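Trainee: Could you take a close look at one part of this model for me? I'd like to hear about the first helix of chain A and what packs around it, with enough of the rest to place it.

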Amino acid sequence: MTKALVGQSIAEQIAKHIPQAVVEANDAWVVIKPDLLLQVVQFLKATPGFDFNYLNCVTGVDYLDYLEVVYHLTSLERNHSLVLKVRCSREKPEVPSVVSVWCGADLQEREIFDLLGITFVGHPNLKRIFMWEGFKGYPLRRDYL
Amino acid sequence: MEVEKPRFDLFLEEMDQAEGKEIEELIARSQHPLPDQVEWLEPGPRPNLLVTTIDKVFNWGRHYSTWPFGSGLACCAMEMVPTAASRFDQARFGMEIFRASPRQADLLIVAGTLTWKMARALKLLYDQMAEPKWVVAMGACAISGGTFAHSYSVVPGVNRVIPVDVYVPGCPPRPEALLYGFMQLHQKIERRSVRDEFILADLRKIVPGRSKRN
């Protein structure tokens with residue numbers, strides 16, 4: 001079975017290489033600063049001990065105070081997994097895109113952009129995927145309707 | 001009848017913009033359900049022998065050859081498929097196989113949730129079907145939007161977009177229910193009269209857009 005890595009120990013190792021990247025960590029997940037996300041993700045993918053070569057899914061969550069993007073990572077070689085989170089404000093929802101690291105994030109980031117209104121900076125083709133052009137509002141936000 | 005033509009002279013962003021605009025227009029003009037086709041419930045004065053004989057021949061032919069065009073939009077399609085398979089076998093009613101083209105079909109079975117984005121395509125397919133044509137709305141979503149009636153993207157009932165002849169309730173309905181719906185449709189076909197077709201065809205010329213079909 002896939003081993004879920006403990007967030008705190010990963011956070012310590014991330015902090016050694018990229019200081020100030022970790023905002024918060026507990027045994028289930030690690031919260032990363034948005035502007036350092038790309039560096040952390042490249043570190044986790046390239047470092048031999050981690051080898052996170054597979055992105056299970058990208059999810060957007062609305063917590064009313066802030067918006068959150070959740071990344072489920074898995075290493076197919078080492079058979080372990082990790083949950084990364086990134087928070088952004090509702091006023092300026094911007095998160096760097098990870099399409100350059102994992103291509104599979106492409107459509108899922110577009111979905112989050114469409115339904116939650118989070119802009120993924122650096123995405124090659126960021127446009128609506130489910131709703132039609134001219135649709136007003138972000139239907140999966142809590143304050144919709 | 002005017003058929004909405006797809007445009008192929010646009011590219012990507014223009015195409016998206018045009019699509020969005022068309023969907024907005026479709027929503028704006030589909031705020032109220034189209035009236036049900038219920039004229040067959042109240043038959044007029046009995047026509048003469050010649051008309052009834054012709055009716056009988058026409059209706060016999062149409063009754064036993066309603067070829068369906070399945071638009072399996074959601075999970076109701078999982079019930080529609082066994083209706084056509086050997087256990088329930090809709091071929092007993094002369095509904096031989098599901099046609100892949102609207103041009104060859106008489107009956108549109110809307111099986112599942114219709115979204116506004118899909119509504120345009122469904123309306124196009126309906127318009128492409130040759131007269132005479134019938135529509136069966138299968139399942140709660142096709143009838144009224146079901147669970148998603150107040151959703152941001154779901155059409156609250158396909159009768160907003162195309163006129164419906166028979167509603168088959170259920171979530172999803174069993175194949176038996178769908179077969180019963182077909183039988184009701186057959187009764188409806190039996191009540192048709194060529195006379196009505198001509199009268200309604202004339203009406204349509206006088207009042208365009210009153211009724212898209214007879």
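Mentor: Let's fix one term before we start: two residues count as in contact if their C-beta atoms, placed from the backbone, lie within 7 Å. On that basis, the contact between the chains takes five residues from chain A and 10 residues from chain B. On the chain B side, helix α1 (residues 12–29) of chain B gives the most, with seven residues. Sorted by class, that side of chain B has five charged, three polar and two nonpolar residues.

Keep in mind that this is a predicted model. For chain A, the mean pLDDT is 90, and 100% of the residues reach 70 or more. Confidence in chain A is lowest in strand β1 (residues 3–4), at a mean of 84, and highest in strand β5 (residues 66–75), at 94.

Now for your helix, α1 (residues 7–17) of chain A. Its buried residues are A:G7, A:I10, A:A11 and A:I14. Looking down the axis of α1(A), you'd see these buried residues fall within an arc of 100°, so they line one face of the helix. Go round to the other side of α1(A) and you find A:Q8, A:S9, A:E12 and A:K16, which are exposed.

What sits over the buried residues? The cover for α1(A) includes β2, β3, α2 (37–46) and β6 (80–89) of chain A. Two of those, β2 (residues 22–25) and β3 (residues 30–32) of chain A, run antiparallel and are joined by three bridges. A hairpin of four residues links β2(A) to β3(A). If you want a spot to zoom in on, A:A25 has A:V30 in β3(A) as its bridge partner.

As for cores, in soluble globular proteins, nonpolar side chains tend to be buried together. Here the largest nonpolar core has 41 residues, and B:L108, B:V110, B:V136, B:A137, B:M138, B:A142 and B:V158 are those with the most contacts inside it. Elements of chain B that give two or more residues to this core are β2 (107–111), α4 (116–128), β3 (134–138), α5 (139–144), β4 (166–168) and α6 (175–190). Apart from this core lies another, of 34 residues, including A:I10, A:I14, A:V95 and A:V98. That brings us back to your helix: A:I10 and A:I14 are among the buried residues of α1(A).

Definitions and conventions
Residues are numbered from 1 along each chain as its sequence is written. Chains are lettered from A and ligands numbered from 1 in the order in which they are written. This is a predicted model: local features need pLDDT of at least 70, side-chain atom pairs count only at pLDDT 80 or more; totals for chains, interfaces and linings use all residues. Two strands pair if DSSP finds at least two bridges between them. A nonpolar core is a set of buried Ala, Val, Leu, Ile, Met, Phe, Trp, Tyr and Cys residues joined through C-beta atoms within 7 Å. A residue is buried if 20 or more other C-beta atoms lie within 10 Å of its own, exposed if 12 or fewer, and partly exposed in between; C-beta atoms are placed from the backbone. The arc is that of the directions from the helix axis to the C-beta atoms. Ala, Val, Leu, Ile, Met, Phe, Trp, Tyr, Cys and Pro count as nonpolar, Asp, Glu, Lys and Arg as charged, and the others, Gly among them, as polar. pLDDT is the predictor's confidence in each residue, from 0 to 100.
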